[in-house]
Structure formats: structure tokens, C-alpha cells
Amino acid sequence: MNFHNILIKWYLQNKRDLPWRKTTNPYHIWLSEIMLQQTRVAQGMPYFFSFTEEFPTVKNLADASEEKILKLWQGLGYYSRARNLHKTAQFIANDLNGVFPDSYKELLKLKGVGEYTAAAIASFSYNEAVPVVDGNVFRVLSRYFDIETDIAMPTAKKEFTALAKELMPADNPAIFNQAIMEFGALQCVPKNPDCAICVFNESCAGLHKKKVSQLPVKSKKVKITNRYFNYLVLEDALGNTFIQKRTSKGIWHNLYEFPLLETDSIVDFDFVFQNSQLFFPDYTINSIEKYSDAVAHKLSHQHLAIQFWKIKINNVLKDGIDQEKLKTFPFPIVIYNFIENMQVNS
């Protein structure tokens, strides 16, 4: 039995019951693929249901405000995905009359849609014979065929795509793509796969050469930047606070936050006391206290140490927001969790 027959047989017996596998609707498949970039299925599933319920069509998504979309996306991270999702929905609704492109080549032109996502939509919605190549596929193929190509190299994608295309049955590319990704997600996992029960354990070159733990080869290391955020949580005479939108490019673009004092290291009360008056020259500061120790928040390329400081003022804020309204804005999840905790303890 050849590779794709064994793989597809395994898939039909072991696949997870996922909602986007029960449809060829390109809108739903596109939504799921964007959500599952950098995100585990278990985490992404509730968001998929929320979005398809709130925005049943691409036109509904296009007509929504960015703020509403960011609020619904809150906690999923990598917020540029949500902003691109909105822009692409508007393009499809307004420029393409609500009709998704129906080929890999045309799908690639959509904002936020790369080779992998375009291949997934093209094969799952339109059964186009184009292979998907993600981390799972790199791993399965490099182990099975003992391929030592560094997958961080630009040429690796082309090599693995050509191999996947060769293995793919022309009459059913969709199920092959689903199967190889699922096999990597459930069986040929990154660490300590159970090769004893693997359907390929008799033919896997990586297993026979005892190289499973060494494959795939990936050299590039992600450079981590450490940043130190001090959020100044104002409380005025009415108990209201103040927030602002992050308009600069970078993390959390267009999400809301408290006034931010970014420093080179973790700072103490004296430093915040000295600098907070410069931040708020129009108000009289009554007291300053730290809510808790620094909160560690890890992003893909940045590690944040976040401190929240309660700053009471005697005046009334010009643009003060009460506690209930505060929760309706889209925040980075670390700030939203702080707000929830702050209100429970107040």
C-alpha cells in the first residue's frame, strides 16, 4: 500500500471532529485557517463559533467595526490577523461582490493569505491539487524520508511542496492535505512521538535510522526582546479611569491600554512617583500604589514584564470611563485579565 493510501486510511479512523471540516464554504475555511495560524485548535474553536455566529457571512464581517472585531478576537493574540481579516472581508464584499477567489493563484492576492492558507482554501473548498506545507508537513515528510534540509532555509518550502505534490492523489487533494496535517498534529508530534503504534513504523527512514528526535532540521533561532511596561491606572474623584488606543505599529496595534510608562528594567515606587506627575500635569496626584508584583507575559518575539500602578487623583477626568464601560473595549488579554481581577477585588 502506498504512502497516501496508508495516510488517508489512518486519517479516516483517527481524525478529530472539527466544524470547518464539515463544509466547503470558503468563508468558513478562510476564517478557521486565519484563526489557527500560531494557535492551537482547542483555543481557536470557541472563536470560530463566536465569529460565525456574530458574522454569518463575509459581508457581515466586512460591515462590522474594527473595534468590534478586535473585541471578539481578544485573547487569541497576533492581532494583525484580525485587522487583516477585516480588510480582506471588505475587499471580498465590496470589490469581489462577496464572492471568494476560487483558485490558489487568486487567493494568494488576498491580504493576510500566504501560500499555506491559500493552498488550504483552494484544496478544501475547490479541491484544487495544491499541497499545504506547514510545520506538521515539514515534520512528517522530513522524518519519513529522512530529509536533512534545514526548514528555515528559503529553498526548503519549494523542496517539500514538490515532494508533497508528488505524493498527493490527483483525484482527492483535499483529504490528503487534511490527513497529512492531522497526522503531524496527532501522531508525528514534535516531541516523543509514539512510533511503536505508528502506521508508518515499518517504512519510516527517520525511525529506522534513529533520527526521529533530530528531524526536521531547523537552525534559525528567534531573538527575544525583553520589555518593561508600567501601566498607570488612574482613578479620579468619581472612581472613573482613563484609557488610550495603541496607534503605533507593533504589538497590540489599535487595542486599548492604560497610560504606559515603558522603562529599561523593572522600576520601583520612587521612579513611578517621580515620572507620573510629568505624565499628568493637569491633575493633582493624591496617592500611588502598586497593585501587585510584575506580571510576565510572553509573546513570540518579546517577553514583557508588566506592572500596574494605581494612581488616585483629586480631580475629575475629562474623558473618564466608568468600570462597566471599561470592559467593552478591546484590550490585550493581559490587561483585560487585570481589569477583571481589579473589579472582583474592588
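# Burial, cores and one helix in a predicted model

Of the 346 residues of the protein, 49% count as buried. The model is a predicted one. Its secondary structure comes to 15 helices and seven strands. Contacts in the protein with a separation of 6 or more can be sorted by distance along the sequence: residues 24 or more positions apart account for 67% of them.

Some values for the protein as a whole are set out below.

| Property | Value |
|---|---|
| Span of the C-alpha trace along its principal axes | about 80 × 50 × 35 Å |
| Accessible surface | about 17600 Å² |
| Part of the accessible surface belonging to carbon and sulfur atoms | 51% |
| Distance between the mean positions of the 39 positive and 36 negative charges | 4 Å |

## The nonpolar cores

Which residues touch the most other members of the largest nonpolar core? They are F3, W30, L61, W252 and F258, in a core of 95 residues. A second core, separate from that one, has 13 residues, and L232, V272, I288 and W309 are among them.

W30 can be followed further. Leaving aside residues up to four places away in sequence, W30 touches V58, L61, L85, T88, A89, F100, V113 and I121. Three of these partners, L85, T88 and A89, are also listed among the buried residues of helix α6.

## Helix α6

Helix α6 covers residues 80-95, which makes 16 residues. How far apart should its ends be, at 1.5 Å a residue? The expected span is 22 Å, and the end C-alpha atoms are 22 Å apart, so the two values agree.

The buried residues of α6 are R81, A82, R83, L85, H86, T88, A89, I92 and A93. An α-helix has 3.6 residues a turn, so residues three or four places apart point the same way. In α6, the buried L85, T88 and A89 are examples to look at with that spacing in mind.

What do the buried residues of α6 pack against? Their partners are four helices: α2 (26-35), α3 (41-54), α4 (58-63) and α5 (66-73). Just after α6, N97 takes a positive phi of about 55°.

## A proline in helix α3

Helix α3, one of the partners of α6, contains P46. Is P46 buried, partly exposed or exposed? P46 has a relative accessible area of 44%, so this residue counts as partly exposed; the partly exposed class lies between under 20% for buried and over 50% for exposed.

P46 can also be placed relative to R83, a buried residue of α6. The two are 37 residues apart in sequence, and their C-alpha atoms are 19 Å apart in space.

How values were computed:
Residues numbered from 1 in each chain as written. Predicted model: local features only at pLDDT ≥ 70, side-chain atom pairs only at ≥ 80, totals over all residues. Heavy atoms only, no water. Core = buried A, V, L, I, M, F, W, Y, C linked by side-chain atoms within 4.5 Å. Buried < 20%, exposed > 50% of the residue type's maximum accessible area, 1.4 Å probe, protein only. Contact = heavy atoms within 4.5 Å. Helix = DSSP H or I, 4+ residues; strand = E, 2+ residues; numbered from the N terminus. Expected span 1.5 Å × (residues − 1). Areas by Shrake-Rupley, 256 points an atom, 1.4 Å probe, with all protein chains shown as cover. Lys, Arg positive; Asp, Glu negative; His and termini not counted. Charge placed at Lys NZ, Arg CZ, Asp CG, Glu CD.
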